[in-house]
Amino acid sequence: MGNRTISVVIACVNGLPSIHGCLTALEEDRKEVPAEVLVLCCCGQSTADHIAGRFPWVILSQFATRLGIPELRAIGMKRATGDIVAIIEDHCIVLGGWLRAILAGHERGYEAVGGTVVNGSVVRLTDWAVFLCEYSGVMPPIPDGEVNGITGNNVSYRKSILDRVDDSIKNECWEFFLHQELSRQGVKFLSAPSIIVSHKKEFGFWYFLAQRYYYSRSFAGMRRKRTSLAGRLLYCCASPLLPGLMLWRMTRQVLNKGQHVDKFVQSLPLQAAFMVSYAVGEFVGYLLGSGDSLLKVE
């Protein structure tokens, strides 16, 4: 697979035990394919000490104040030395052969490669609802080939294309806007089913309800800065339609994939609440901006 090297960038905002499981899986995968791993940590001294003591091969950057996830990732992207920069979240567990599959994806000639996400928290219905709400579009099966969009928490890029993107987009924006800019520059996206991470995090109902609000408000605030007044008003007016649109989209994805239909049906009341929270967040974001919501997304 040539001599390409990989840097893995992880924004650590959830702390222990999430980051321990994430790095333990990467430690095993690095035995097959060496990789530079950069952890950008905002979780306090005890988490930083644990990472430094248990995983001395990690390049650890500690921050005393909470930074937004896009900014942490942007710092990691800038400091990465690999030809390929891979992004995962601190509660993602890479499955065996993850690094090798990333290299194989880029050997197919693509500069941006996304994988699939499976559910690693399968006991509680709330966790199933969260997984389906966030990842029904990228859970298996996903296409094997060129697509219009890829996931943001199991993705890799040629570093050279990241260097072409304005720092404001990388520092201030979610991956949707980064991918939008890459697409504008002519970058093509590869979907590779063999690149798999497990989403392993447990959520309380009220906690995720708040997380949906913070994420959507931050997202709308980012778009607000790039949209005319008329466009912002249009988005505000359309916000009440979001729950129905999102439910229809999720239903279509789950049924088309034929996966976890029972969990989807059982979790519909939870999904409805999450979608309403998301719509409220977008409305407030378009109206007032993101506020400090980005710093609260975990």
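The following exchange concerns helix packing, cavities and unusual backbone features in a predicted model.

Reader: Why are α5 and α13 called oblique to each other?

Author: The axes of helix α5 (residues 125-135) and helix α13 (residues 268-288) cross at roughly 50°. Angles under 35 degrees count as roughly parallel and those of 65 to 115 as roughly perpendicular, while the rest, apart from those over 145, count as oblique. The value for this pair falls in none of the named ranges, and α5 and α13 are therefore oblique to each other. Their axes come within 9 Å, and the crossing is right-handed.

Reader: What makes the contact of α5 with α13, and how many of its residues are nonpolar, polar and charged?

Author: On the side of α5, the residues are Leu125, Thr126, Ala129, Val130, Leu132 and Cys133. They meet Leu270, Gln271 and Phe274 in α13. By class, this contact has seven nonpolar, two polar and no charged residues. Gln is neither in the nonpolar list nor among Asp, Glu, Lys and Arg, and therefore Gln271 counts as polar. The same reasoning applies to Thr126, which therefore also counts as polar.

Reader: Why are α10 and α13 called roughly antiparallel?

Author: Helix α10 (residues 229-238) packs against α13 at an angle of about 160°. Angles over 145 degrees count as roughly antiparallel. The angle of this pair lies over that cut-off, and α10 and α13 are therefore roughly antiparallel to each other. Their axes are 9 Å apart, and α10 passes α13 in a left-handed crossing. The contact is made by Arg232, Tyr235 and Cys236 of α10 together with Phe283, Tyr286 and Leu287 of α13.

Reader: How do you know which residue in the contact of α10 with α13 is the charged one?

Author: By class, the contact has five nonpolar, no polar and one charged residues. Arg is in the charged class, and therefore Arg232 of α10 is the charged residue.

Reader: At what angle does α9 pack against α13, and what is the handedness of their crossing?

Author: Helix α9 (residues 205-224) and α13 pack at an angle of about 35°, with their axes 7 Å apart. The crossing of α9 and α13 is right-handed. The residues of this contact divide into 16 nonpolar, five polar and five charged.

Reader: How many cavities of 30 Å³ or more does the structure hold, and what are the volumes of the largest and the second largest?

Author: The structure holds two cavities of 30 Å³ or more. The largest has a volume of about 90 Å³, and the second largest has a volume of about 50 Å³. A cavity is a set of points where a 1.4 Å probe fits but cannot get out, so each of the two is closed to that probe.

Reader: What makes up the lining of the largest cavity?

Author: The largest cavity is lined by 13 residues, of which Arg73, Met77, Cys173, Glu175 and Leu178 lie nearest its centre. The elements that give two or more residues to this lining are α3 (69-79), α7 (167-172) and α8 (175-184). Helix α3 gives the most, with four residues. The lining divides into nine nonpolar, one polar and three charged residues.

Reader: Which residues line the second largest cavity?

Author: Ala11, Val13, Asn14, Ile69, Arg73, Ile88, Glu89, Asp90, His91 and Glu298 line the second largest cavity. Here α3 and β4 (84-89) are the elements that give two or more residues. By class, this lining has four nonpolar, two polar and four charged residues.

Reader: Which peptide bonds are cis, and where do their prolines lie?

Author: A cis peptide bond joins Leu16 and Pro17, with omega about 5°. Pro17 is in the loop between β1 (6-12) and α1 (18-29). The bond from Pro140 to Pro141 is also cis, with omega near -5°, and Pro141 lies in the loop between α5 and β7 (145-147).

Reader: What makes the phi of His260 worth noting?

Author: Most residues other than glycine have a negative phi. In His260, a residue other than glycine, phi is near 60°, a positive value. His260 is found in the loop between α11 (242-257) and α12 (261-266).

Technical notes:
Residues are numbered from 1 along each chain as its sequence is written. This is a predicted model: local features need pLDDT of at least 70, side-chain atom pairs count only at pLDDT 80 or more; totals for chains, interfaces and linings use all residues. Side-chain values use heavy atoms; hydrogens and water are left out. Axes are lines fitted to C-alpha atoms, for helices over the stretch in contact, and angles run from 0 to 180 degrees between N-to-C directions. A crossing is left-handed if the near helix is turned anticlockwise from the far one by less than a right angle, and right-handed if clockwise. Contact means heavy atoms within 4.5 Å. On a 1 Å grid over the protein atoms alone, a cavity is a set of points where a 1.4 Å probe fits but cannot get out, and a pocket is an open set with protein on both sides within 12 Å along at least five of seven lines; lining residues have an atom within 4 Å of a point. Grid points are joined across faces, edges and corners, and a volume is the space filled by probe spheres set on the points.
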